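Got your viewer open and a selection box ready? Let's take a walk through this one, stop by stop.

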Amino acid sequence: MSAPIFRDPVQDGAADPVVVRKEGTDEWWMFYTNRRAAAGGEGHTWIHGSPIGVAVSTDDGASWDYRGTVKGLDAPGDDGLNTHWAPEVIFAAGQYHMYLTYITGAPSHWQVPRTITHFVSDDLENWRRVGPLKLSSDRVIDAAVYHCPDGLWRLWYKDEDHGSATWCATSPDLFDWTVEGEVIPGSPSAAPHEGPNVFALGGFIWMIVDEWHGQGVYRSSDAKNWVRQGVIGGEAGTDKGDIRFVRHADVVAFADHAALYYFTHPDWDEHSQTEGPRNAAERATVIHHARLTVEDGVLVLERNVPADAALLR
């Protein structure tokens with residue numbers, strides 16, 4: 001119950017998953033930040049220099065096979081090792097879109113420019129660069145995209161230069177974006193958070209954000225005005241590999257339930273070691289899945305589902 005469903009066989013650092021169906025097939029593709037758990041270097045070098053990993057399921061999420069990493073995502077002129085984080089991948093208007101957090105190089109600290117860069121693809125394998133989005137600052141990460149009731153696309157993201165709050169931009173076509181403003185305040189006005197994800201389920205639109213002690217939950221009827229529900233994923237799962245906090249998640253919604261994909265640090269005691277993971281074992285991350293439903297207008301997490309459950313149907 002609630003055991004990990006996928007572990008990266010090369011870097012052992014699968015995190016920030018997003019799951020999308022390959023149109024016209026029975027394949028579900030998982031893209032994820034491929035952190036370098038065993039990398040050397042000072043400070044936060046190990047969490048940078050990450051490629052985007054890929055795993056594929058042909059049995060509705062009951063099992064996943066590693067397919068390597070995505071090529072061709074580096075900016076022109078950025079030779080060497082660069083950082084790819086938290087891809088958002090959707091299918092719209094006949095093609096796939098990726099909104100990728102991109103950082104030049106593999107820095108040892110956080111104070112560097114970060115952009116959200118747009119790519120398109122016809123097959124989920126070969127990606128064409130559109131370019132970085134012009135948003136509210138040059139330190140933005142963690143895109144989430146959703147087609148809203150007013151007909152606009154909205155992109156939510158974390159703006160680290162504006163209190164690490166969740167901000168939003170709108171677009172009529174997924175290419176031209178206009179900043180709309182702050183959506184959820186950052187610390188100290190609200191709980192620190194990142195990694196927004198937006199989806200519809202049970203007659204409502206939901207946003208979850210990673211608060212590093214579970215997922216903060218917000219509900220809306222229009223994807224513009226949000227009311228906080230609380231936190232899910234703060235309580236341990238029953239499997240010994242799933243006793244840590246639910247971190248940076250993605251949701252695939254169906255008629256009566258949704259599949260939640262998230263990662264944990266199975267060997268890092270996040271309650272007592274607040275300075276962060278100290279070695280390769282503690283830095284290692286794994287992917288899990290869980291079930292979401294809506295009961296009486298409340299988003300409910302069922303964390304303890306079998307690892308081989310076919311949730312993608």
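**Stop one: the cavity**

Start by selecting S1 (14-21), strand S5 (83-92), strand S9 (140-147), strand S13 (194-201) and S17 (247-253): each of these supplies at least two residues of the lining of the largest cavity. Strands here are DSSP runs (E, at least two residues), numbered from the N terminus. A cavity is a set of points on a 1 Å grid over the protein atoms alone where a 1.4 Å probe fits but cannot get out, and lining residues have an atom within 4 Å of a point.

Before going on, a word on what you're looking at: this is a predicted model, in which local features need pLDDT of at least 70 and side-chain atom pairs count only at pLDDT 80 or more, while totals for chains, interfaces and linings use all residues. Residues are numbered from 1 along each chain as its sequence is written, and side-chain values use heavy atoms, with hydrogens and water left out.

How many cavities of 30 Å³ or more does the structure hold? Just one, and the largest cavity has about 80 Å³ of space (the space filled by probe spheres set on the points, with grid points joined across faces, edges and corners). Now show Pro87, Ala143, Asn197, His248 and Ala249 as sticks: of the 14 lining residues, these lie nearest the centre. By class, the lining has eight nonpolar residues (Ala, Val, Leu, Ile, Met, Phe, Trp, Tyr, Cys and Pro count), three charged (Asp, Glu, Lys and Arg) and three polar (the others, Gly among them).

**Stop two: salt bridges**

Next, turn to the charged pairs: there are 16 salt bridges (a side-chain nitrogen of Lys or Arg within 4 Å of a carboxyl oxygen of Asp or Glu).

Select Arg303 and Asp242, whose side chains meet at 2.7 Å, N to O. Arg303 sits in the segment after strand S20 (298-302) and Asp242 in the loop between strand S16 (227-232) and S17, so this pair ties together parts 61 residues apart in sequence. Both are buried (under 20% relative accessible area, 1.4 Å probe, protein chains only; exposed is over 50%, partly exposed in between).

Then pick Glu125 and Lys22, paired at 3.6 Å, N to O. Their loops, S7-S8 for Glu125 and S1-S2 for Lys22, are the parts this pair ties together, 103 residues apart in sequence. Glu125 is partly exposed at 46%, whereas Lys22 counts as buried at 15%.

Last, try Arg7 and Asp12, a salt bridge at 2.6 Å, N to O. Arg7 is partly exposed at 40%, and so is Asp12 at 24%.

Conventions
Helix = DSSP H or I, 4+ residues; strand = E, 2+ residues; numbered from the N terminus. 1 Å grid on protein atoms, 1.4 Å probe; cavity = no way out; pocket = protein on both sides within 12 Å on 5 of 7 lines; lining within 4 Å.
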